[in-house]
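Welcome! Open your viewer, get comfortable, and follow along from stop to stop.

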Amino acid sequence: MREDHLPLLHCIECKSTHPSSEPIWRCSCGGRLLPVAGPVFDRAALTGRPFNMWRYREHYQLPRDAAPVTLGEGFTPLTEIDVAGRRVHAKLDFLCPTGSYKDRGSAAMLTQLRAWGLKEIVEDSSGNAGASIAAYAALAGITAHIYVPDSASAGKMAQIALQGANLVKVPGSREACAAAALRHADSTFYASHNWSPFFLLGLKSAAYEIAEQLDWQAPDWVVTPAGNGGVAGGLYYGFRDLVNAGVIAKMPRLALAQAVNCAPVHAAWLQGLQYVPAIDKQPTVAEGIAAAQPVRGLEMLEALRETNGVAHPVSEAEIWAAFEQLARRGLYVEPTSATAGAALESLAAQGVIAPEERVVLYLTGSGLKSTDTIVRHFATRL
Ligand SMILES: *Cc1c(COP(=O)(O)O)cnc(C)c1O
Ligand SMILES: [Zn+2]
């Protein structure tokens, strides 16, 4: 492995830099790491490349000679549908191999972890990231210990265990689960989707694809669920690469959907804060975004500032209404993903998103993951 192919990682807290030649997941000061700078996006280089996320591989800043750990993820359909009384482009990322967009991050991260020669990793997740990392770790021949809160969906837990990971159920909150994983990570490696710079780099592929599928036009808006900030950060950094290279003319505005019952980013945005405040979290059906203390909170606030974006809270009733509306269009997504549909509905009704504006609705996870929750909610009709 040649050192000159490897990115330098910089700490967002103390600004020190670190080589990525050895396994590392955070700075010695405890800060989160991001890569220093990537190559300039070059459209001409794409000719003849495969139609999956590896089409853009130089932008994940992985060792050049590392074979990708891949199931062919990416290039999911961008489908026009009628929703919220208008025509929008739905990005069907729930069609990724394990049923959620997290496969983009897992493929990139596991490629780096295998290149580092790691044999054993620890991760914590509310379900989808764990299921995705379990699949790609199996593919890479790496043993994965996946910590989940014992309240996680039964289907997601089954997926994690049956794809070959060691499933560890932790009683209590999502935050308690993360703390338990971190303790175990002392003796292995913390391959956290929320901390890994390589996971985030892989998520940029969704932005590149959306732009390419729109013939290199930026949409006016991308509406997406926001939990720990991977999706929002990936879209933001991805579109920024394209703007910096002059490939698209402007940044799309990001609309970040949160459940009213757990909306710390909305609280920060509303109050104009530079940090994400502590909130009192209530239960929500949007389990994939129930992050009371989002790991990538600062990135989400930056993305909102830099894209002139909005954060928007949606109620449990609005989430279920949007879930049904999408299902009746043939898009059977998770309640977590339906938060984006609910936010679009309400932002369009308020005139924040104008009728003539071009909107991408980013659909993150498959409804088949949440069968237990969905069946419980609609029990009287089934
Ligand atoms: C993880 C997840 C999200 C939230 O993504 P963040 O990167 O944590 O903001 C949204 N939807 C689904 C289905 C997820 O699994
Ligand atoms: Zn630091």
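**Stop 1: ligand 1**

Start by selecting ligand 1 and the residues around it. There are 17 of them, and those that come nearest are Lys 102, Asn 128, Gly 227, Asn 228 and Thr 364. Keep in mind as you look that this is a predicted model.

Now show the backbone atoms of Gly 227: a polar one is 2.7 Å from an oxygen atom of ligand 1. Move on to Asn 228, where a backbone N or O atom lies 2.8 Å from an oxygen atom of the ligand. Then pick Gly 230, which also places a backbone N or O atom 2.8 Å from an oxygen atom of ligand 1.

**Stop 2: Ser 132**

Next, select helix H2, residues 128-140, and find Ser 132 in it. Is Ser 132 buried or exposed? It counts as buried, because its relative accessibility is 0%, and buried means under 20%.

Turn on side chains here. The side chain of Ser 132 makes a polar contact of 2.7 Å with the side chain of Ser 106. Leaving aside neighbours within four places in sequence, Ser 132 is in contact with Thr 98, Lys 102, Asp 103 and Ser 106. You have met Lys 102 already, among the residues that come nearest to ligand 1.

**Stop 3: the nonpolar cores**

Select Leu 110, Leu 113, Ile 121, Leu 235, Phe 239 and Leu 242. In the largest nonpolar core, which has 89 residues, these touch the most other members.

Center the view on Ile 121. Which residues does Ile 121 touch, not counting those up to four places away in sequence? Among them are Leu 110, Leu 113, Ile 133, Ala 137, Ile 142 and Phe 189. Polar names turn up too, including Thr 143, His 145 and Thr 188.

Apart from this core lies another one, of 36 residues; to find it, select Val 83, Ile 289, Leu 331 and Leu 347, which are among its members.

**Stop 4: the zinc ion**

Finally, select ligand 2, the zinc ion. Its protein donors are the SG atoms of Cys 11, Cys 14, Cys 27 and Cys 29, lying 2.3 Å from it. The site is tetrahedral, with angles of 104 to 114° among the four donor atoms. Along the sequence, the donor residues follow the spacing C-x2-C-x12-C-x1-C.

Compare two of these donors, Cys 11 and Cys 29, which are 18 residues apart and link distant parts of the chain. Cys 11 is in strand S1 (residues 8-11), while Cys 29 is in the loop between strand S2 (17-19) and strand S3 (33-35). Cys 11 is buried, with a relative accessible area of 0%, whereas Cys 29 is partly exposed at 44%.

How values were computed: Residues numbered from 1 in each chain as written. Chains lettered and ligands numbered in written order. Predicted model: local features only at pLDDT ≥ 70, side-chain atom pairs only at ≥ 80, totals over all residues. Heavy atoms only, no water. Donors = N, O, S within 2.8 Å, 3.2 Å for Na, K, Ca; no water. Tetrahedral: all angles 85-135°; square planar, octahedral: opposite > 155°, others 65-115°. Helix = DSSP H or I, 4+ residues; strand = E, 2+ residues; numbered from the N terminus. Buried < 20%, exposed > 50% of the residue type's maximum accessible area, 1.4 Å probe, protein only. Core = buried A, V, L, I, M, F, W, Y, C linked by side-chain atoms within 4.5 Å. Contact = heavy atoms within 4.5 Å. Near = heavy atom within 4 Å. Polar contact = N/O pair within 3.5 Å; in protein donor to acceptor, adjacent residues only side chain to side chain.
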